[in-house]
Amino acid sequence: MIKLEKSNLIKLLEILVLVLILFFINLFFFQDNPGFLKGQFNPYSALALLAAAYYGKFFGFLAFFLTLVVTMIPVSRDPAIFGYWRILWSENNISLTFQIVGVYIFGLIRDTYTLQVNNYRSTTRKEVSEKFKYKKEVEALAAVNQELEERVLRQTEAVASLYTQIKALHSRNLTETLNVLLQTVQKFSRAVKASIWRFDNSSLKLIMTANIGWSPEDFENSILDIDESIEGWSFRNNKLFSVRMLLDYENLMKLDRKRNIFTFPISFAGHVWGVLNIEDMPFTKYNLYVEKILSIFIDLSAPEIERAVEYDSLISYDEINPHTGFPAYSQFFHIVEINIAKGETGTHNFSIVLIEILNFPELAERHGEADLWDMLKILMEELSSLSDNKIDFFHYKETNQIAIYYPDIDYDGVSMFCLEMVGLINNGKWKIRDESVNMEVILGFSSFGSQPVPPYELLAVAEHLLEMQKV
């Protein structure tokens with residue numbers, strides 16, 4: 001079946017125009033040779049054969065039919081039409097037979113050739129398409145192979161890196177802790193966009209608390225209903241969500257807003273605090289290995305997040321020194337008081353350390369108090385690293401005194417920590433504006449165990465050790 005496409009319509013018009021041109025030539029210039037039947041060459045027959053050779057059997061027979069029709073139109077003034085047709089038939093019957101056979105043979109040759117060409121084209125297209133597909137598969141396999149090679153190379157480093165990042169999570173500021181968590185997630189998953197959501201008890205909704213990769217438009221959806229979002233489903237069920245689960249669970253399909261690849265619940269103290277959601281990441285990183293690594297990291301980071309949440313709820317940021325970043329003595333006393341109350345209800349031990357810089361007034365007068373505190377903050381960072389980022393710093397009663405709260409450590413442990421601290425201070429090269437500084441530092445400490453003790457008595461023990469060293 002020949003479809004009347006644009007190209008076929010053009011061919012039909014071309015044949016019709018050529019037939020009419022030949023007819024008018026015959027009508028005006030060769031009236032004595034109707035149908036070009038006289039002579040060795042017949043343009044009508046040639047047209048039919050050319051149409052078959054160039055366009056195929058269909059157009060060849062079409063040209064033959066049109067030439068036959070116009071040939072039957074008299075080109076002379078002889079009114080005896082039937083006599084005219086009889087003469088044409090008697091003179092042209094053998095020629096017509098040859099024309100039909102010729103049109104069929106030329107058309108068959110052309111159609112066979114066209115069919116072969118189309119088959120070659122189809123085969124070539126298929127091969128090109130398969131080659132392109134194989135190229136894409138090779139590129140995908142190369143990317144996966146690279147990911148596997150990197151994974152093997154990172155096997156040894158992953159554990160050490162996880163340990164380092166867990167220690168880095170400890171911070172007095174919840175926002176800083178969550179930002180470290182997001183940076184670590186980005187490091188292992190190469191996530192382009194991720195966010196952390198906490199549950200708000202007053203509104204009963206999830207509130208975005210920290211993010212990476214968000215645009216200003218994303219902040220329009222910074223509050224989510226726990227019943228109408230994937231994040232809410234993960235929070236309510238305390239379960240990991242992976243985008244592949246959309247293929248198996250219709251209820252998740254209804255909640256999907258195309259912003260969840262991985263969603264991890266963050267749980268501690270027997271309840272779910274919030275969720276971590278990865279919205280965009282490289283395809284090669286979407287695998288079970290990354291999923292397990294992130295799950296392990298989030299589980300290990302939960303205690304640090306809990307500590308930051310607790311610290312954030314206890315500390316009044318109005319009483320934080322804007323220059324040093326340390327909370328005031330009243331905040332330290334409150335922390336000690338709260339943790340003593342917790343210890344009385346279960347197994348919970350902690351220690352406190354008091355640092356007093358005896359020559360603080362002289363150093364402050366010589367170098368300026370602001371520059372002195374800048375140096376002391378460097379010292380505090382070193383001490384924090386010494387404790388694996390477990391300690392919190394506070395101002396104490398006097399300007400030259402700093403208090404340390406050290407959780408989950410007893411008397412023996414804090415004694416060793418103080419010895420290491422003395423070695424660090426004495427052996428360190430401390431400078432203010434490239435000028436060496438010698439600090440005269442004394443330490444006092446005390447520990448809380450299972451025996452109930454008032455906060456004042458606990459602090460008095462450490463203060464007594466300081467006074468003994470001044471004698």
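Lys-258 is exposed, with a relative accessible area of 72%. In this predicted model, Lys-258 sits in the loop between helix H7 (250–255) and E5. Its phi is positive, about 60°, although Lys-258 is not a glycine. The points below take up similar backbone angles, then the strands, the cores and a pocket.

**Positive phi angles**

- Most residues other than glycine have a negative phi.
- Asp-434 has a positive phi near 65°, and it is a residue other than glycine.
- Asp-434 lies in the loop between E10 and strand E11 (435–437).
- Is Asp-434 buried or exposed? Asp-434 is exposed, with a relative accessible area of 73%.
- Ala-269 also has a positive phi, of about 55°, in the turn of a hairpin.

**Strand E5 and its partners**

- Strand E5 covers residues 262–268.
- Six of its seven residues are buried, so E5 is largely enclosed by the rest of the structure.
- Strand E4 (residues 241–242) is joined to E5 by two bridges, and the two run antiparallel.
- Across that pairing, Ser-242 stands opposite Phe-262 in E5.
- How many bridges join E5 to strand E6 (residues 271–280)? Seven bridges do, and these strands run antiparallel.
- Ser-267 stands opposite Val-272 in E6.
- E5 and E6 form a hairpin with two residues between them.

**Tyr-286 beside the strands**

- Tyr-286 is placed in the loop between E6 and H8.
- Tyr-286 is partly exposed, with a relative accessible area of 23%.
- Leaving out residues up to four places away in sequence, Tyr-286 touches Ser-242, Val-243, Arg-244, Ile-261, Phe-262 and Met-281.
- Two of these contacts, Ser-242 and Phe-262, are the residues that stand opposite each other between E4 and E5.
- Tyr-286 and Val-243 are 43 residues apart along the chain, and their C-alpha atoms are separated by 9.5 Å.

**Nonpolar cores**

- The largest nonpolar core has 31 residues.
- Which residues have the most contacts inside this core? They are Val-353, Leu-376, Met-421 and Met-439.
- Several elements give two or more residues to this core, among them strand E7 (350–357), helix H10 (360–367), helix H11 (369–386) and strand E9 (401–407).
- Helix H12 (411–427), strand E10 (430–432) and strand E12 (441–448) also give two or more.
- H11 gives the most to this core, with seven residues.
- Leu-376 is in contact with Ile-357, Phe-360 and Met-439, leaving aside its neighbours within four places in sequence.
- Another core lies apart from this one. That other core has 29 residues, including Leu-182, Met-281, Val-290 and Ala-308.
- Met-281, in that other core, is also touched by Tyr-286.

**The second largest pocket**

- The second largest pocket holds about 260 Å³ of space.
- Its lining has 14 residues.
- Which residues lie nearest the centre of this pocket? They are Arg-307, Glu-310, Asn-339, Lys-342 and Tyr-405.
- Helix H8 (288–314), helix H9 (329–344) and E9 each give two or more residues to the lining.
- H8 gives the most to this lining, with six residues.
- By class, the lining has six nonpolar, two polar and six charged residues.
- E9 takes part twice: E9 gives two or more residues to the largest core, and two or more to the lining of this pocket.

Note on methods
Residues are numbered from 1 along each chain as its sequence is written. This is a predicted model: local features need pLDDT of at least 70, side-chain atom pairs count only at pLDDT 80 or more; totals for chains, interfaces and linings use all residues. Side-chain values use heavy atoms; hydrogens and water are left out. A nonpolar core is a set of buried Ala, Val, Leu, Ile, Met, Phe, Trp, Tyr and Cys residues joined through side-chain atoms within 4.5 Å. Buried means under 20% relative accessible area, exposed over 50%, partly exposed in between (1.4 Å probe, protein chains only). Helices (H or I, at least four residues) and strands (E, at least two) are DSSP runs, numbered from the N terminus. Contact means heavy atoms within 4.5 Å. Two strands pair if DSSP finds at least two bridges between them. On a 1 Å grid over the protein atoms alone, a cavity is a set of points where a 1.4 Å probe fits but cannot get out, and a pocket is an open set with protein on both sides within 12 Å along at least five of seven lines; lining residues have an atom within 4 Å of a point. Grid points are joined across faces, edges and corners, and a volume is the space filled by probe spheres set on the points. Ala, Val, Leu, Ile, Met, Phe, Trp, Tyr, Cys and Pro count as nonpolar, Asp, Glu, Lys and Arg as charged, and the others, Gly among them, as polar.
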